[in-house]
Amino acid sequence: MTPKFLGQTSAQPTSPEEAVLDYVPNPRPGRAYLVRFAVPEFTSLCPVTAQPDFAHLVIDYAPDQTIVESKSLKLFLGSFRNHQAFHEDCTVGIGERLFTEMKPLWLRIGGYWYPRGGIPIDVFWQSGAPPEGLWLPPQDVPGYRGRG
C-alpha cells in the first residue's frame with residue numbers, strides 16, 4: 001500500500017477509467033469517525049453538448065481498514081474534466097467506485113450541480129445506513145438560488 005502519487009510529479013489522467021486511486025492503512029482502525037472531502041470546483045462535460053458542467057461535491061465516509069490518499073483522489077476527480085456524462089452518472093459513479101475499492105464502513109456523496117438548461121440538479125448517493133454512533137454533520141451546501 002505504498003502511495004504511487006504522493007511526493008511525485010503526477011500527470012493528470014485523461015479519463016476516470018485510467019485514473020488510479022491509492023489507498024493507505026487507516027491510522028485509527030476500529031474507531032468510528034468520519035472523513036470529508038469538499039470539492040467546490042468539480043467539472044465534467046455534458047454528454048449531449050460537450051459544454052462544461054460544474055458542481056460542488058461533498059464526499060463523506062467512515063473508514064474501515066483503509067483511507068483514500070487525497071492526491072490520488074484529486075487526480076481521479078480531475079480526470080472528469082474531459083469526461084462526458086450526466087450529473088447522475090458522475091456523482092453515483094464516484095461514490096460507487098470509492099465504496100467498491102476502499103471498502104469503507106459507510107460512504108455518502110452529495111453532488112450539488114449548477115444549472116444546466118436553467119435547472120439545478122442535486123444528486124445524492126449513500127452505501128446504506130451509517131454506522132451506529134457515527135456523527136454526521138450536515139453537508140451545508142445551500143440549494144441554488146440564482147441571484148436572489
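In which helix is the place of Arg97? Arg97 sits in helix α2, and since this is a predicted model, everything below describes computed geometry. Let's use this residue as our starting point and walk outward from there.

The side chain of Arg97 makes a polar contact with the side chain of Glu101 at 2.8 Å. The pair also qualifies as a salt bridge, with 2.8 Å from N to O. Glu101 and Arg97 are 4 residues apart in helix α2, so about one helical turn separates them. Glu101 is partly exposed, with a relative accessibility of 34%. Beyond its neighbours within four places in sequence, Arg97 is in contact with Pro16, Ala19, Val20, Leu21, Tyr23 and Phe76.

Side chains of opposite charge can pair when their charged atoms come close. The model holds 4 salt bridges in total, and two others are worth a visit. One of them joins Arg36 and Asp60, at 2.6 Å from N to O. Because Arg36 belongs to strand β2 and Asp60 to strand β3, this pair ties together parts that are 24 residues apart in sequence. The two partners differ in their surroundings: Arg36 is partly exposed at 32% relative accessibility, while Asp60 is buried at 0%.

The other links Asp53 with Arg116, whose closest N and O atoms are 2.2 Å apart. Asp53 is in strand β3 and Arg116 in the loop between β5 and β6, so the pair ties together parts that are 63 residues apart in sequence. Asp53 is buried, with 5% relative accessibility, and Arg116 is partly exposed at 22%.

Now for the backbone. Most residues other than glycine have a negative phi. Ala50 has a phi near 65 degrees, a positive value in a residue that is not glycine. Ala50 is found in the loop between β2 and β3 and is partly exposed, at 35% relative accessible area. Lys103 also has a positive phi, of about 55 degrees. Lys103 lies in the loop between α2 and β5, and its relative accessibility of 55% makes it exposed.

Finally, have a look at the largest pocket, which has a volume of about 260 Å³. Of its 14 lining residues, the closest to the centre are Val39, Lys74, Leu77, Gly78 and Arg81. Strand β2 (35–45) and helix α1 (70–78) are the elements that give two or more residues to the lining. By character, the lining divides into 7 nonpolar, 4 polar and 3 charged residues.

Conventions
Residues are numbered from 1 along each chain as its sequence is written. This is a predicted model: local features need pLDDT of at least 70, side-chain atom pairs count only at pLDDT 80 or more; totals for chains, interfaces and linings use all residues. Side-chain values use heavy atoms; hydrogens and water are left out. On a 1 Å grid over the protein atoms alone, a cavity is a set of points where a 1.4 Å probe fits but cannot get out, and a pocket is an open set with protein on both sides within 12 Å along at least five of seven lines; lining residues have an atom within 4 Å of a point. Grid points are joined across faces, edges and corners, and a volume is the space filled by probe spheres set on the points. Ala, Val, Leu, Ile, Met, Phe, Trp, Tyr, Cys and Pro count as nonpolar, Asp, Glu, Lys and Arg as charged, and the others, Gly among them, as polar. Buried means under 20% relative accessible area, exposed over 50%, partly exposed in between (1.4 Å probe, protein chains only). A polar contact is a pair of N or O atoms within 3.5 Å; within protein, one must be able to donate a hydrogen and the other to accept it, and residues adjacent in sequence count only if both atoms are side-chain atoms. Contact means heavy atoms within 4.5 Å. A salt bridge is a side-chain nitrogen of Lys or Arg within 4 Å of a carboxyl oxygen of Asp or Glu.
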